[in-house]
Amino acid sequence: MGVFINMMWPCSHSPFSVAAAASDEAYLIQLQKAAQAKRLWEHRHWQVLLHYQPRLWSGSAESQVDDAAFFLSPSGKYDPQAELDATLASFFAPPDQEEGAEHPQCKFIARYQWLKQELGFDAESLPEYACPQFDDWMAEMGPDAVTLVFPAAYLNNPASMFGHTLLRIDSNKRSTQTRLLDFTVNYAADTEEERGLSYAMKGLFGAYEGSFSVAPYYVQVKRYGDIENRDIWEYHLTLSHEEVLRMLMHTWELRSAGLDYYFLDENCSYQLLSLLEAAR
């Protein structure tokens, strides 16, 4: 069953606004029925964007994202269909008047663009809002290509035995001589500089929260190359421009999302792979 907008209007509303709200609800129901007919919540791309994985015993879905703000349905972490219905409903929300607030079309821009492609949104029935924060972010990066960066192990730190991975966004504004000014996408655990046995145990059993971050490449080179004296390897990825944009739209959605960090499997490489999956 779809999640519908609750349309309640005070008596002071004009007949025009009531008619507009009723029209929005009718078009939302139409979109939800179209999504249900195509079973879009089972589509691999939707599963990737929400980080759903099968639950071990039941086979039902569960998202690996633990931040409630990442979901628009109260049951969205465990219910892909409810999250899709709630996401469609959120696209009809009026703009938030609070300064700096993002409309759901912008906050979840990768979801919006994919659902728009799959369902063919009618611009008159569902107006598209401007996303100035996202546009400024993209303009600052000037994305053209992506490079996988691998700082190798650091001999004085056993925890680095598998090295680290991050993605560099190669800008169309810079040359190979100025790549240090490009931005990187990184995923890491917030360990609060903890060390010793508790550090190892927490890393193995998911007691740390991991998150994505964006920072200039020279910051990463200083950390891994200059301070820790690691070798840094770079591998150019064969992503098209459209795939690079899809990857960054999903990165935008994950800016503040928290995920449990597991040293052996759900680590930096695993989570960066999810971005590449969203691109491809």
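A search of the whole structure, a predicted model, finds 13 salt bridges. One of them joins the side chains of E102 and R255, with an N to O distance of 2.9 Å. This pair links distant parts of the chain, 153 residues apart: E102 sits in the loop between α3 and α4 (104-107), and R255 in the loop between α9 (241-253) and β8 (259-261). Both ends have some access to the surface. E102 is partly exposed because its relative accessible area is 22%, and R255 also counts as partly exposed, with 35% relative accessibility.

Helix α9 brings in two further salt bridges, beginning with the one between the side chains of E242 and R246, at 3.4 Å from N to O. These two residues are four places apart in helix α9, so about one helical turn separates them. This spacing fits a simple rule of helix geometry: an α-helix has 3.6 residues a turn, so residues three or four places apart point the same way. E242 is exposed, with a relative accessible area of 53%, whereas R246 is partly exposed at 23%.

The neighbouring topic is the salt bridge of R280 with E243, whose closest N and O atoms are 2.9 Å apart. R280 lies in the segment after α10 (268-279) and E243 in helix α9, so this pair ties together parts that are 37 residues apart in sequence. The two partners fall into separate accessibility classes: R280 is exposed, with a relative accessible area of 58%, while E243 is buried at 13%. Elsewhere, salt bridges that share partners join R168, D170 and E234 into one network.

Turning to the overall fold, the secondary structure of the protein comes to 10 helices and eight strands. Of the 280 residues in the protein, 44% are buried. Among contacts between residues at least 6 apart in sequence, 68% join residues at least 24 apart. The protein exposes about 15,200 Å², and carbon and sulfur atoms supply 56% of this area.

Strand pairing can be followed from β3 (residues 143-151), which meets β4 in the antiparallel sense over six bridges. Within this pairing, V149 has L166 in β4 as its bridge partner. Strand β3 also pairs with β7 (residues 232-237), again in the antiparallel sense and over six bridges. Here P151 stands opposite I232 in β7. As for side chains, in a regular strand they alternate between the two faces of the sheet.

Helix α3 (residues 80-90) offers a clear case of burial, as 11 of its 11 residues are buried. Nonpolar and charged side chains alike appear in the list of buried residues in α3, including L84, L88, E83 and D85. At the start of α3, a side-chain oxygen of D79 comes to within 3.2 Å of the backbone nitrogen of Q81.

On the surface, L180, L181, Y218 and V219 form a nonpolar patch, and together these residues have about 360 Å² of accessible area. One member, L181, is found in the loop between β4 (166-171) and β5 (183-189). L181 counts as partly exposed because its relative accessibility is 47%.

Notes: Residues are numbered from 1 along each chain as its sequence is written. This is a predicted model: local features need pLDDT of at least 70, side-chain atom pairs count only at pLDDT 80 or more; totals for chains, interfaces and linings use all residues. Side-chain values use heavy atoms; hydrogens and water are left out. Patches are made of residues with over 30% relative accessible area and no salt bridge: like charges are joined within 9 Å, nonpolar side chains (Val, Leu, Ile, Met, Phe, Trp, Tyr) within 5 Å. Accessible areas come from the Shrake-Rupley method with a 1.4 Å probe; for residues, only the protein chains shown count as cover. A salt bridge is a side-chain nitrogen of Lys or Arg within 4 Å of a carboxyl oxygen of Asp or Glu. Buried means under 20% relative accessible area, exposed over 50%, partly exposed in between (1.4 Å probe, protein chains only). Two strands pair if DSSP finds at least two bridges between them. Contact means heavy atoms within 4.5 Å. A polar contact is a pair of N or O atoms within 3.5 Å; within protein, one must be able to donate a hydrogen and the other to accept it, and residues adjacent in sequence count only if both atoms are side-chain atoms.
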